[in-house]
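Biologist: Please show me the model. Then let us go through it in short questions.

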Amino acid sequence: MPETMMTTAEEMNSYQIALRQLENVAGILKLDAGTHAILQHPKRELTVHFPVKMDNGETQVFTGYRVQHNTSRGPAKGGLRFHPETDIDEVRALAMWMTWKCAIVNIPFGGAKGGVVCDPSKLSLGELEHLTRRYTSEISLLIGPDSDIPAPDVGTNGQVMAWLMDTYSMHAGHTVPAVVTGKPVSIGGSEGRIDATGLGVVMVTQQAARAQGRKLEGARVVVQGFGNVGGAAARIFHSRGAKVVAVSDYLGGVYNPDGLPIPELVAYSKANGSVAGFPGSEPVTNSEILELPCDILVPAALQNQITSSNAGKIRARMVVEGANGPTTPDADDILRERGITLIPDVLANAGGVTVSYFEWVQDIQSFFWSESQVNHRLGRVMTRAYEEVSAAAQTHNVDLRTAAYVVGVARVAEAAKMRGIYP
Ligand SMILES: NC(=O)C1=CN([C@@H]2O[C@H](COP(=O)(O)OP(=O)(O)OC[C@H]3O[C@@H](n4cnc5c(N)ncnc54)[C@H](O)[C@@H]3O)[C@@H](O)[C@H]2O)C=CC1
Ligand SMILES: O=C(O)CCC(=O)C(=O)O
């Protein structure tokens, strides 16, 4: 039985936090005990240990996971993380969050996530390819275009997705583009997928700002994490007239209260492997960056960044969760009490999986859309999801995270009930 209540909120791991969040809405939704119990548990988990021949001739054994949380609404969907500190509970939490996220944006997928315990920055390109191909072979029991479709997450990218697609296709004996999303466009990826998560973050921020009678133009934005999500979000905020005053990556951050020239910063980061040291800016650490004065704070790196230790020091009007799980439940309470609006991960970063859905549809049809078609459809999905979550917040008089869970969990429970799988 998953344990949620034995530990204080700050000591909880990501899976325990995910269970606590589910528990918070079980009462509102009057979930029966059987349905609640089923939603607490991942449907299927696979742990694999697999060898990779390293460049120095030695064999190293890596551990990987693929967890499918729920498939009531469709095939399991979710990213693949390469990170030295990933573990089964992190992957379980991320899989559960995918289930709710797909339901909130109302796309026909369940939730899954994968992980390999490794530091991709310490692997050569060849080692990374061998690791990806071997992991794909090991999880090929589970994945497929009708069953479970991986995508990029922390530490993985379009190249990794290309190797995954190729390995799966070699087993199948023919090309199967729809087995994975976030692929390069040249092999069946979708226009717009690279920027989709960041664009979705900006779209929901714009809606929330409008609802508060504020504008994005001139708003001060701070972004923690400068990868696929944070980098794109910073670029798009900048292009829409917001003032991005600070950004960071795992090596450190940079701050300029007058606004950073984001296109130059992107070029600097590409050339130097980090934003740290960008000329004309002050250095900030990854904890300092969260406490800078701003209108919009976007944590877009990892989990548990905003905790009870720093939530009282956040000086943003709005926190928009680009990352999955950056805020602990205790910090949620503190931010709410301080009147800081929080747009939760399962809504704020759902643009990525939404365009992954579009990619899967295009692959199945072998009929491809332009970037403006993709972005237009993404805008419709994000707008509707934001409106539905806001409406649930008003109806139940709850914060946006609870409201998002009300929408997502209700849809999953309803699908399960209709299929007659659960009581
Ligand atoms: N890639 C996607 O489409 C989606 C990603 N997400 C979530 O967004 C977050 C970021 O993912 P990606 O951008 O894809 O990963 P990424 O690997 O492209 O980038 C991660 C960024 O965070 C930085 N970082 C790592 N550790 C850090 C630390 N301790 N402090 C500050 N920065 C740190 C890295 O230097 C890098 O700039 C994750 O929580 C992921 O699950 C959510 C939805 C979709
Ligand atoms: O694009 C996808 O399928 C999943 C992206 C992802 O891993 C996430 O939303 O956390």
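**Ligands, domains and helix pairs**

Modeller: Of the 14 residues around ligand 2, those that come nearest are G79, A151, D153, V353 and S356. Here a residue is near a molecule if its C-beta atom, placed from the backbone, lies within 6 Å of it. Two elements give two or more residues to this shell: α3 (88-104) and α11 (351-365). Such names come from DSSP runs numbered from the N terminus, helices being H or I of at least four residues and strands E of at least two. This is a predicted model, where local features need pLDDT of at least 70 and side-chain atom pairs need 80 or more, while totals for chains, interfaces and linings use all residues. Residues are numbered from 1 along each chain as its sequence is written, with chains lettered from A and ligands numbered from 1 in the order written.

Biologist: Which element gives the largest share of the shell around ligand 2?

Modeller: The shell holds three nonpolar, eight polar and three charged residues. Ala, Val, Leu, Ile, Met, Phe, Trp, Tyr, Cys and Pro count as nonpolar, Asp, Glu, Lys and Arg as charged, and the others, Gly among them, as polar. The largest share is three residues, and they come from α11.

Biologist: Where does ligand 1 lie with respect to domain 1 and domain 2?

Modeller: The chain is assigned domain 1 (43-174) and domain 2 (194-348). Those bounds come from an automatic or database domain assignment. Both domains give residues to the shell around ligand 1, so ligand 1 lies between them.

Biologist: Which element supplies the largest share of the shell around ligand 1?

Modeller: Of the 25 residues around ligand 1, G225, G227, D249, A323 and G352 come nearest. The shell divides into nine nonpolar, 14 polar and two charged residues. At least two residues each come from α7 (228-239) and β8 (243-249). The largest share, three residues, is from α7.

Biologist: What separates the centres of domain 1 and domain 2?

Modeller: Seven residues of domain 1 are in contact with six of domain 2. Contact means that two C-beta atoms, placed from the backbone, lie within 7 Å. On the domain 1 side, six of these residues are nonpolar, none polar and one charged. Taken over C-alpha atoms, the centres are separated by 27 Å.

Biologist: Are α1 and α13 roughly parallel or roughly perpendicular to each other?

Modeller: Helix α1 (residues 14-26) packs on helix α13 (residues 400-419) with axes 9 Å apart and an angle of about 80°. Axes are lines fitted to C-alpha atoms, for helices over the stretch in contact, and angles run from 0 to 180 degrees between N-to-C directions. Under 35 degrees counts as roughly parallel, over 145 as roughly antiparallel, 65 to 115 as roughly perpendicular and the rest as oblique. Therefore α1 and α13 are roughly perpendicular.

Biologist: Which residues in α13 does α1 meet?

Modeller: The contact has five nonpolar, three polar and no charged residues. From α1 come Q21, L22, N24 and V25. In α13 they meet T402, Y405, V406 and V409.

Biologist: How is α6 placed against α11, parallel or oblique?

Modeller: The axes of helix α6 (residues 193-211) and α11 come within 7 Å and cross at roughly 135°. That makes α6, with respect to α11, oblique.
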